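Visitor: I have a structure open and don't know where to start. Can you walk me through it?
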There are 4 protein chains.
Amino acid sequence: MTRTLNVAMIGGGFMGKAHAMAYAAMPMFFWPAPAIPVRKVVVDITEALADEGRRRYGFEESSADWRAVVKRPDIDVVDIVTPNDSHAAIAIAAAEAGKHIICEKPLARGGDEAKTMLDAVKKAGIIHMVAFNYRRTPAVALARQYIEEGRIGKILNFRGTYLQDWSADPDSPLSWRFQKKIAGSGSIGDIGTHVVDLARYLVGEIAEVSALVRTYNKTRPVQHGNLDKLGAAERNTGAERVEVDVDDEVVTLLKFADGAIGSLEATRNAYGRNNFITFEIHGTKGSIAFNYERRDELQVMFADDPADARGFRTVYSGPAHPYGSGLWPIPALGIGYSETKIVECFDFFSAIASGKQPSPNFEDGYKTERVADALIESGESGHWVKVRP
Amino acid sequence: MTRTLNVAMIGGGFMGKAHAMAYAAMPMFFWPAPAIPVRKVVVDITEALADEGRRRYGFEESSADWRAVVKRPDIDVVDIVTPNDSHAAIAIAAAEAGKHIICEKPLARGGDEAKTMLDAVKKAGIIHMVAFNYRRTPAVALARQYIEEGRIGKILNFRGTYLQDWSADPDSPLSWRFQKKIAGSGSIGDIGTHVVDLARYLVGEIAEVSALVRTYNKTRPVQHGNLDKLGAAERNTGAERVEVDVDDEVVTLLKFADGAIGSLEATRNAYGRNNFITFEIHGTKGSIAFNYERRDELQVMFADDPADARGFRTVYSGPAHPYGSGLWPIPALGIGYSETKIVECFDFFSAIASGKQPSPNFEDGYKTERVADALIESGESGHWVKVRP
Amino acid sequence: MTRTLNVAMIGGGFMGKAHAMAYAAMPMFFWPAPAIPVRKVVVDITEALADEGRRRYGFEESSADWRAVVKRPDIDVVDIVTPNDSHAAIAIAAAEAGKHIICEKPLARGGDEAKTMLDAVKKAGIIHMVAFNYRRTPAVALARQYIEEGRIGKILNFRGTYLQDWSADPDSPLSWRFQKKIAGSGSIGDIGTHVVDLARYLVGEIAEVSALVRTYNKTRPVQHGNLDKLGAAERNTGAERVEVDVDDEVVTLLKFADGAIGSLEATRNAYGRNNFITFEIHGTKGSIAFNYERRDELQVMFADDPADARGFRTVYSGPAHPYGSGLWPIPALGIGYSETKIVECFDFFSAIASGKQPSPNFEDGYKTERVADALIESGESGHWVKVRP
Amino acid sequence: MTRTLNVAMIGGGFMGKAHAMAYAAMPMFFWPAPAIPVRKVVVDITEALADEGRRRYGFEESSADWRAVVKRPDIDVVDIVTPNDSHAAIAIAAAEAGKHIICEKPLARGGDEAKTMLDAVKKAGIIHMVAFNYRRTPAVALARQYIEEGRIGKILNFRGTYLQDWSADPDSPLSWRFQKKIAGSGSIGDIGTHVVDLARYLVGEIAEVSALVRTYNKTRPVQHGNLDKLGAAERNTGAERVEVDVDDEVVTLLKFADGAIGSLEATRNAYGRNNFITFEIHGTKGSIAFNYERRDELQVMFADDPADARGFRTVYSGPAHPYGSGLWPIPALGIGYSETKIVECFDFFSAIASGKQPSPNFEDGYKTERVADALIESGESGHWVKVRP
């Protein structure tokens, strides 16, 4: 009989929705499932919110006391979907209680904090994962497969972007994502780390960065309600305005440890770009290009195609590609955000079942935080900064 | 307290997966939910398959006897995800038992059979729906909204396609989808009806058709296992070949009742097209274009835009668009097949909660079958055929 | 020494510009040139217009008397770029005078008129060509090459469109293109014939059609000046309105002589489409898709590509493709309207130099007119109409 | 009567072809022309080559002695289409002789050399232009118009690329473009300067750069013939290999003088990219995106569009846009490389006729060289480098 594992999910918001859906759906998609998640307890900041979460997300129980919950003997997995400032406390407590952990990204508010979390999970010997879900997009996993098989040769160059526009409006409210003490950083941590994760996944370790960091909207109105609704939050046009202490944009050069070079741009102030996660990779035998806004597709060009029929192929991910057997029976039925989270859940529970760390785990999350640290430092100093090992 | 409704799902396959996921996820997305689906009983053709379905899809019970299940007093909703030849029998029995019904498309193997189902549900006074999920894509619902608001004026022309390639290979096996006695027809019923549904949703009733119907692969190998895996089914290259008695392709002209004209092409033999559901609509004040393979996007052109900035806008569906409040907080996080089915489930349960028939209901499903009948008849006769009212 | 050939160009307008440019540029691009065009005489309807044409287009002489010019012994080539109603008279006179002829499309105002022209050129034994320039787009020629080499197998289906929007505005003036006595027909002759030419070039003879033909704007204001400026003509909003006696749109099914089927849509009333000449062809071994609005690119899909890297390739035409050696040294430097006309000129002068008829010649132009006749007849009768042989 | 101006064109190659075509075609397109170019003398390195150029490009005379030609009293304009190492000598001699000058890009082999040319033309008081033709693409000029009209607000960010693949193959021969003494630099001068020119045109002066510069193919085979055929040159696979002393790729951060930031990537080693000149600009009121491979189109997004119809508009350049009146009567007939050169020629002759310097002139060409110098210096030093004023 397939093993069941009891999950305590700490936090709600749209990430709670995404994770809860994945717990319910994963075994339906990947069957036989590596293990079956049981939505045991959901925790929120008040009893009322937690109970609403229970009913909405189909958990058995609710609680407003995460410290108590993470210690419960019947809990196998702790899922952290809170704002960044509580990741470390929850993760460390969960690790000490011997629970497997999946934590939303970014892992922490910087490398030092991430290090405490990494130390804790290593010491505890549990399975740990950071929820950089975009590398779970089947087309991205296919890019990785091509690279690993040597089909585009040695990588010369990587260019990545993550562009959104939901905070371009100066009256878009000051959610926790614009407060350094909660978020750690702005576009760097919130979305830049996703591209760093993709770069590390596809190319390898980043050794050095030279960055430009900018804050365009120096103040924002205080937020009323609509916690974490991103662009759908109410515009508090008349509200008191408070100073923003995080970045709106980062643009950086990258030196990879193995010699490849690259660049990265991340901003939530790019009007017209919604969730524009793109990368383009040039190798000695071909190229790859991807745009998450059209995420069913991977563009790949093989240099050894015949001269009269050479060009990027638009490959729609499907059963012949990574994760394809668990998803839909033909390509282009449609990969959405749900599907990326279902795949993430599958990889996490597969890791628990097999006892082998998944990727990206806290080690990856930590390294990504060190890159984020370096971006901030380079933005301030105006120099190339080596990523701390 | 939100009402719960017990669901009996008859059938498995990939549609069972999609529906089960939607039952679990719908309240997570659309909260407060109009009603909460309870996955009560799943039925399959053997006890073993049904029990596997129960575990995989998270149902409370399983059964191999759909006739008994649809009569159970604790069942509120019957969900029909079987091959086409059993739709009528199950739906009529469920209607007679007073259950609300959602039935996969096409509703039946033709208009006459569909009529028996429509009569049954009308007599029973229950809520009924046909699962043409593609009109649930938010970008498609947005197209409808633009049209209803008169933003592209009076519609002149509609061009729709549904192109796939999973059956182009002559060795692709003879699944039930290639057998007239089970499926009713080939590309016409399987995918053409989706475009007919979109045309009816966006433009209006189809009055007359002139069609070309072709069967390219006259025989196919007998299928071994892998029921309904479409393109991922094993190639039974060496197996016995049987005659195919359904169509591989239909191309047709359309006259709409209100004077608009159009065309439609549907085939599962278009190499390189995966789930290429497209439409383009020209009106007296603008145009709309859509391609499901890039389903987050709707293309819309307004003729009264200034001369120096006129062109199709690529609108990514999100919180500002239909169903947006229940889905993801910004556009392009990603609409996948899952999201279309979650929206469908929401509309169905909203209909039950409100007591108002959803759209498309069996009346729509019946009318679509009459169009399918006309396509087949026109393909045979070579004449314009009026759709039976 | 390369031979020179003296050209008399009858007519001006934007086609005169395009042809004159091609005469000057062709030897620069295709060198050594098959023959060198000399811009000898340009003819227009008044001496003043003709003299302006001479200076503008770099001709040696000008005249207002085409009948005299086409008989001049020093003229080798007659180029007809007048409105449709004078094609026949000029072509027949030029043929009788033994001149090689290139005539703008459509060849005539219908099949009967075209037949008189075909008979004349056949009798005269001169080289003749119809200026369906879009098949000169290198990417289109590449499509033909793939088909001829069997790389997409036997053709099953063709879908073509030619959509523009310059006449969608009801106040767009009644140029000669909307007058049956001058143009012969509307969208059918003006743009539909281009798609018929592409269909014949790529698939083969069209045997039978079933068409819908519509006139949306029943009246238009009388035109003042701006002859043949298409969408850029002044809007004569207050002017007297006259009845339109040609079609705004045609949508048709096609049966090809060799068994393939297809459809075609042509209209100048599709808001947002500018010069949207597209085709998609499905074969038993692959597919091809093209959109002239992105004319450097051909999409091609080969069914025998490996399962994990299958999809449409975006091939940018360049030196490795048809006409590539004469155009630009790398792909995507850019094919514009100019380049299509330079290639056309090259093919025409190559034909004269070699003594072999080019394609499309008047025989092709005549057959295309017979398809146009059939479209009009089917639009009126509502029946399938066989194309007259 | 429109003035005629006698042109001496120094050099051949594919640029000679492009310029000669533009001289012939410009008055045909832009009529009445500001002045009419007369193709007077073409100069090449031998009498035989020059004579062939005369016949091919339609010049009246030919010569192998540029020094004599540029002094001829009947010459009004000197056009320099030679490799980079002779730009300065020819331009200075032509300036001293009082001729107007158009010079292919890059202006020189670096800022110091460019300065000598700038000084000479300033002293001579003649009209001078650098042939950065891509800013002549109508869609690019439209981007500039939107920016000047404030329609996308204050510019925050610019990202530009110029990617080609014709030199990715290690056996692609060592043309002059890979020799520092002739070319000055590699990808930086050859293609990077085009993007610098676009950035200066659209955003403003570049103040500082931080660059990565790489040479991937350290040696290349000696070239035999096929001078300047780029990717179409013969592969001299067996030939002697020589060291390459220029760059294959540059990636850089940019600080603009007015506070905007940006990045730029230029390489001829990006498999699958042919002439991939792109830019994306984010402003406080909207965004613009362009891809030369689809050069008829400009993408523009206005932030104040209604929430339910917001997104990038695909605007096809035509009569309503810059240069539209001289080009084709409707959008998407097609802008090719020819059209960009015809527009360039029009702007140059308009400048001569009006006596006002065109843009980009040698001042612009010089400033662009100073940016190129800074890129090379930063690539070597690893520091931010200020562009010399």
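Visitor: Which feature does UniProt place at residues 5-132 of chain A?
Guide: The UniProt record, an unreviewed entry, gives "domain: Gfo/Idh/MocA-like oxidoreductase N-terminal" for residues 5-132 of chain A. UniProt positions are given in the numbering used here, feature names are shortened, and annotations may be inferred rather than shown by experiment.

Visitor: Any ground rules before I go on?
Guide: This is a predicted model, in which local features need pLDDT of at least 70, side-chain atom pairs count only at pLDDT 80 or more, and totals for chains, interfaces and linings use all residues. Residues are numbered from 1 along each chain as its sequence is written, while chains are lettered from A and ligands numbered from 1 in the order in which they are written.

Visitor: How much helix and strand is there over residues 5-132 of chain A?
Guide: That stretch of chain A is 45% helix and 22% strand, with its end C-alpha atoms 22 Å apart. Helices (H or I, at least four residues) and strands (E, at least two) are DSSP runs, numbered from the N terminus.

Visitor: At what angle do helix 4 and helix 5 of chain A pack?
Guide: Helix 4 (residues 87-96) and helix 5 (residues 111-124) of chain A pack at about 10°, and their axes are 8 Å apart. Axes are lines fitted to C-alpha atoms, for helices over the stretch in contact, and angles run from 0 to 180 degrees between N-to-C directions. The two helices of chain A are therefore roughly parallel, a label for angles under 35 degrees.

Visitor: Which residues meet there?
Guide: From helix 4 of chain A they include A88(A), A91(A) and I92(A), and from helix 5 of chain A they include T116(A), M117(A) and A120(A). Contact requires C-beta atoms, placed from the backbone, within 7 Å.

Visitor: New topic. How many residues of chain A are in contact with chain B?
Guide: 40 residues of chain A touch 40 residues of chain B. Helix 1 of chain A gives the most to chain A's side, with nine residues.

Visitor: What turn lays chain A on chain B?
Guide: A turn of 180° with a shift of 0.0 Å along the axis does it, at an RMSD of 0.0 Å. Copies are superposed by least squares on the C-alpha atoms of residues with pLDDT of at least 70 in both. G336(A) comes closest to that rotation axis of all residues of chain A, at 1.8 Å (C-alpha).

Visitor: And what turn for chain C?
Guide: Chain A is laid on chain C by a turn of 180° and a shift of 0.0 Å along the axis, with an RMSD of 0.0 Å. That is the relation of a two-fold axis.

Methods
Parallel < 35°, antiparallel > 145°, perpendicular 65-115°, else oblique. Contact = placed C-beta atoms within 7 Å.
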